[in-house]
Amino acid sequence: MNRWLSNVTQALQALNVHRRRSALSVLGITIGIAAVMAVGTISRGGNHLIYRELETFGLNSVWVYRNWNVQDVKLREKGGSGITNEDFLSLQADKKQLGIRNITPDVRGHYDWVSKQGSREVNATVIGVGRDYTTIANDTITTGRLLNQNDINTRQPVVLLGPEIANALMEPGTEPIGQRIYVDGKRFLVVGLLASKSRDFLASIGSAGGQNANDRIVMPYTTMQRMVGHEDIRNLQIKVEDFDRAAEIGDLVTDRLLSAHPVGIAYRAETMASYIETTNKILNGVAIIGIVSASISLLVGGMGIMNVMGTAVLERTREIGVRKAIGAREKDIMTQFLMEAGLISAVGGLLGLLIGTIASTVLANITNFPLIPSPKQVIFALVVSVIVGLLSGFLPARRAARMKPVQALRSE
Amino acid sequence: MISISKLSKAYGSVDTSLLIVLKNVNLTINEGEFVAIMGPSGSGKSTLLNIIGMLDNFDAGSYQFKGQSVPSLNSDTLAELRLYNLGFVFQSFNLIAQLTAQANVELPMLYTRLKKTKRQSNAVQRLTELGLGDRLNHKPSELSGGQQQRVAIARALVNDPAVLIADEPTGSLDTETGIDIMHLFQRLHQNGKTIVMVTHEEEIAAFASRVIRMRDGKIVDQGLAA
Ligand SMILES: Nc1ncnc2c1ncn2[C@@H]1O[C@H](COP(=O)(O)OP(=O)(O)OP(=O)(O)O)[C@@H](O)[C@H]1O
Ligand SMILES: [Mg+2]
């Protein structure tokens, strides 16, 4: 212990003699480690954020639509969405055997509908849904209640409001629950206020479905069908029991729909997996760029250390000779130079951690990513920096250790 | 203590021009002797001394140190022998410039198992004995030549080696200071230390108990006056 301490002291003294040179190679490692940290923060934070946003759709979701995008004109001749209330009810009845946990119809209002309260007007996304809609989409309410089966069975004129709609329609300070609003001229009772959910990040990377989730007006699909005057269901949204079977279950459902509507219609099922894949690709891209740039800086730092140590060995050849004459073994000399190299990189690593932490905090602030500290990464960064130091110090140290004493002593 | 026979060393290889530096050298040095090696420049004095000090190897012949055959020893064993049995003093002092006098003297003890406090007290004691008690924290550049050589001698003696090896220890000093150093060597010799020293100066060699003379890589006078 006491020997290690004096080794460290000697190493510090030696580095102190060539401060500027030592500082330069410290810098290389510092940049490398800081880059590793910053990239780690971005990819961890991004990952977290994306999953949080993807969860607002329900990770286990499958959407089933009529497929208009087909070559065969015969499959486009027939009108309508190709999904009826009977289809929905029959799928719901068989949901256990199909591997479905929840299923909801989705019936949309017209995009130009105006919703009003007093003199306040908004242009909301109006959606008619089943009872399980909120469960599937991971929606919660801040006040009031969710839609219930009775609302649906008896076509109640009740709505849930997204937070932005509530803000836009309600007089500041008024409690929305129990208020009346008009949607396309029809009167509705506000029964629940949906909690805010963010899809900003998905929207920012242009991911489909990244539109605002907070400007919805949600009502029973039966009520909506009466408003629009037909019984078509635009699409079904399904929550599957098992994420891995999502695609398979999507096919089962389209098969069921095809057998109910054998002529003139095609269907398609979309799963969350496709979104997740896209976003993972983006994140992996970020991580790879980061890892490459961090590796380059660590490499540069390592070469810097190799250079510093190489020069140090040359300049201190005579000192090496003296130490050998005095009785230092090869491994003592080796330890001495490795200690110096390790110290450079450890200092670089610590500084890198510090700067990396600051950079991560700033980045997290700019990007609005959550800052997720990772002790594992901190340890990894330090271990990597010391390993880089030891590896790049190894060759010069060995050269020093193997020097012949007479030759070393003779050098000027 | 030291027994060398038929020792030869050459530089270069057979096909290029071979420079034979030591030819068939026979030399025995007993415990407690103070030997001076003299001879013209290039006669092989330093080469022989470096071989005795186990800093250099040789091509033929044998070298026994305290009964051990030196060429058969590995580098760790040689380092250990140098650590505990040999102390070196050089013409150019060879102190480490960044370290204080005391730290320089502590250096050989760093490679031993001595505790830090013991290392410090030993170094202080050695330096004080050599009249440098008030120069402990001076860097070599802040000391005179004679003082630097005293620090070097303190460093050479601090592990109490069997043999002190000195290559022109007075070569960089003025005559008076050189004589002072020789008084020091004489005192060490009187206390039983074995000393092997190379010098150019008769005046310095006169302090030795025996003077060996070399010429062209050979010992021409063993100094064993009848
Ligand atoms: N590394 C080397 N390569 C080639 N020749 C060498 C080497 N070292 C020493 N020599 C030669 O060996 C011979 C003996 O050198 P050495 O240093 O032993 O002489 P010396 O007696 O100590 O001389 P001086 O009194 O000048 O110090 C010289 O001719 C020298 O040029
Ligand atoms: Mg010489």
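In this predicted model, Gln149(B) is fully tucked away: its relative accessible area comes out at 0%, so it counts as buried. The residue sits in helix H5 of chain B, which covers residues 145-157. Setting aside neighbours within four places in sequence, the contacts of Gln149(B) include Val89(B), Phe90(B), Gln91(B) and Phe93(B). Pro169(B), Leu173(B) and Ile181(B) complete that set of contacts.

Next come the nonpolar cores. The largest one holds 74 residues, and within it Leu48(B) and Tyr63(B) touch the most other members. As for who supplies this core, H14(A) gives the most, with nine residues. A second core, separate from that one, has 41 residues, among them Val64(A), Ile100(A), Val159(A) and Ile181(A).

Tyr63(B) deserves a look of its own. Not counting residues up to four places away in sequence, Tyr63(B) touches Ile2(B), Ser3(B) and Ile4(B), then Ile51(B), Ile52(B), Met54(B) and Phe58(B), and finally Gln68(B), Ser69(B), Val70(B) and Pro71(B).

Back to H14 of chain A, which spans residues 330-367 and contains Ile355(A). With a relative accessible area of 41%, Ile355(A) is partly exposed. That value clears the 30% needed for a patch residue, and Ile355(A) indeed turns up in a nonpolar surface patch of about 630 Å². The other contributors to this patch are Val347(A), Leu351(A), Leu354(A), Ile358(A), Val362(A) and Ile366(A). H14(A) thus gives nine residues to the largest core, while Ile355(A), which lies in this helix, helps make up a nonpolar patch on the surface.

How values were computed. Residues are numbered from 1 along each chain as its sequence is written. Chains are lettered from A and ligands numbered from 1 in the order in which they are written. This is a predicted model: local features need pLDDT of at least 70, side-chain atom pairs count only at pLDDT 80 or more; totals for chains, interfaces and linings use all residues. Side-chain values use heavy atoms; hydrogens and water are left out. Patches are made of residues with over 30% relative accessible area and no salt bridge: like charges are joined within 9 Å, nonpolar side chains (Val, Leu, Ile, Met, Phe, Trp, Tyr) within 5 Å. Accessible areas come from the Shrake-Rupley method with a 1.4 Å probe; for residues, only the protein chains shown count as cover. A salt bridge is a side-chain nitrogen of Lys or Arg within 4 Å of a carboxyl oxygen of Asp or Glu. Helices (H or I, at least four residues) and strands (E, at least two) are DSSP runs, numbered from the N terminus. Buried means under 20% relative accessible area, exposed over 50%, partly exposed in between (1.4 Å probe, protein chains only). A nonpolar core is a set of buried Ala, Val, Leu, Ile, Met, Phe, Trp, Tyr and Cys residues joined through side-chain atoms within 4.5 Å. Contact means heavy atoms within 4.5 Å.
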